[in-house]
Amino acid sequence: EILIADSAVQVANEVLFYTKHTYPQQYILDNNNVAFVIAKHDTTAAMNLTDSLHRVDIEFWKNNPHTHAHAFEQTDSDGVLNYFIQQIADEKADVYGNKRLMIPNLYHNIDLHLYSNNKGLKMYFVVKPFTDPSDIIMQLNGSTSNTITGSNQLLINTLLGNFSFENPQVYSVDTALTTYSVTSNWNSLGSDRYSISTGTYVPFW
């Protein structure tokens, strides 16, 4: 759970995991949404500061409601976190982070791994044999507008700035564990919904 502090401290129990040192800040929710929060901090000298936030959720449209994110690859390389907050009686200590999260069967026979690198969040969809990757549909909620750019990036615009997802990279692995690159791109379905279009590959491997 995560503490949301404003004029009245509230605990956002729907947050299962969140990221450190990322921009936008990312929250993985118990309904499998991934929330991105862009913040703009008030730097004036006034006593009553006003910070601004803009939240955009990726909703995996018609996903499996009976699954949720699980910790995967715990790490102690970044130390541990301790949460001692005056307003919350249930203190937390020795909280380890995780290198990766996994949502099994986000769609039928499709797992989602959440990871990151120096460019930001990475989403790995593991599509098992005899499964259609077009089942994966991302609904963007809260953005001011969305655009597929000429370089096939999915650009997400907000009132406080924008962020983007690069052109999706798709691979197929055969029974001999040989990996093949598959042509892919973002596909707009309208109503702020997006899927990943793939070229020809053998779906029963």
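Strands β14 (residues 145–148) and β15 sit side by side in the antiparallel sense, held in register by 4 bridges. This is a predicted model, so read what follows as a tour of computed geometry. The stops are the β14–β15–β16 strands, a buried aspartate at D174, the core residue I58, the salt bridges, and a few backbone oddities.

**Strands β14, β15 and β16**

- Start with β15, which covers residues 154–158 and is mostly tucked away, with 4 of its 5 residues buried.
- On the β14 side, I148 has L154 of β15 as its bridge partner, and N146 is matched with I156 of β15.
- The β14–β15 hairpin has 5 residues between its strands, and N152 in that hairpin takes a positive phi near 65 degrees.
- On the other side, β15 runs antiparallel to β16 (residues 161–165), and 5 bridges join the two.
- One of the β15–β16 pairings puts T158 opposite G161 of β16.
- The hairpin that takes the chain from β15 to β16 has 2 residues in its connection.

**D174, a buried acid without a salt bridge**

- D174 belongs to the loop between β17 (170–173) and β18 (179–182).
- What is the nearest side chain of opposite charge to D174? That would be K128, but K128 is 18 Å away, and D174 is buried with no salt bridge.
- D174 does have polar company: a polar atom of its side chain lies 2.9 Å from the backbone nitrogen of A176.
- The D174 side chain also makes a polar contact with the side chain of Y180, at 3.1 Å.

**I58 and its neighbours**

- I58 is part of strand β6, which spans residues 52–60.
- Is I58 buried or exposed? I58 counts as buried because its relative accessibility is 0%, and the cut-off for buried is under 20%.
- Leaving aside residues up to four places away in sequence, I58 touches N33, V34, F36, M123, M138, Q139, L140 and F165.
- Sequence distance can mislead here: I58 and G142 are 84 residues apart along the chain, yet their C-alpha atoms are 9.1 Å apart in space.

**Salt bridges**

- How many salt bridges does the structure hold? The count is 2.
- R55 pairs with D57, and their closest N and O atoms are 2.8 Å apart.
- The two ends of that pair have unlike surroundings: R55 is partly exposed at 44% relative accessibility, whereas D57 is buried at 9%.
- K128 and D111 also meet through their side chains in a salt bridge, at 3.2 Å from N to O.
- K128 is in the loop between β12 (120–127) and β13 (137–141) while D111 is in strand β11 (residues 110–117), so this pair ties together parts that are 17 residues apart in sequence.
- K128 counts as partly exposed, with 29% relative accessibility, and its partner D111 is buried, with a relative accessible area of 10%.

**Backbone oddities**

- As background, most residues other than glycine have a negative phi, and most peptide bonds are trans.
- Which residues does a cis peptide bond join? They are Y23 and P24, with omega at about -5 degrees.
- P24 is in the loop between β3 (15–18) and β4 (25–29).
- N32 is not a glycine, yet has a positive phi, near 75 degrees.
- You'll find N32 in the loop between β4 and β5 (34–40), where N32 counts as buried because its relative accessibility is 1%.
- F130 also has a positive phi without being glycine, with a value near 65 degrees.
- F130 is in the loop between β12 and β13.
- Is F130 buried or exposed? F130 counts as exposed, given its 71% relative accessibility, with the cut-off for exposed being over 50%.

Key
Residues are numbered from 1 along each chain as its sequence is written. This is a predicted model: local features need pLDDT of at least 70, side-chain atom pairs count only at pLDDT 80 or more; totals for chains, interfaces and linings use all residues. Side-chain values use heavy atoms; hydrogens and water are left out. Buried means under 20% relative accessible area, exposed over 50%, partly exposed in between (1.4 Å probe, protein chains only). Two strands pair if DSSP finds at least two bridges between them. Lys and Arg count as positive and Asp and Glu as negative; His and the chain ends are not counted. A salt bridge is a side-chain nitrogen of Lys or Arg within 4 Å of a carboxyl oxygen of Asp or Glu. A polar contact is a pair of N or O atoms within 3.5 Å; within protein, one must be able to donate a hydrogen and the other to accept it, and residues adjacent in sequence count only if both atoms are side-chain atoms. Contact means heavy atoms within 4.5 Å.
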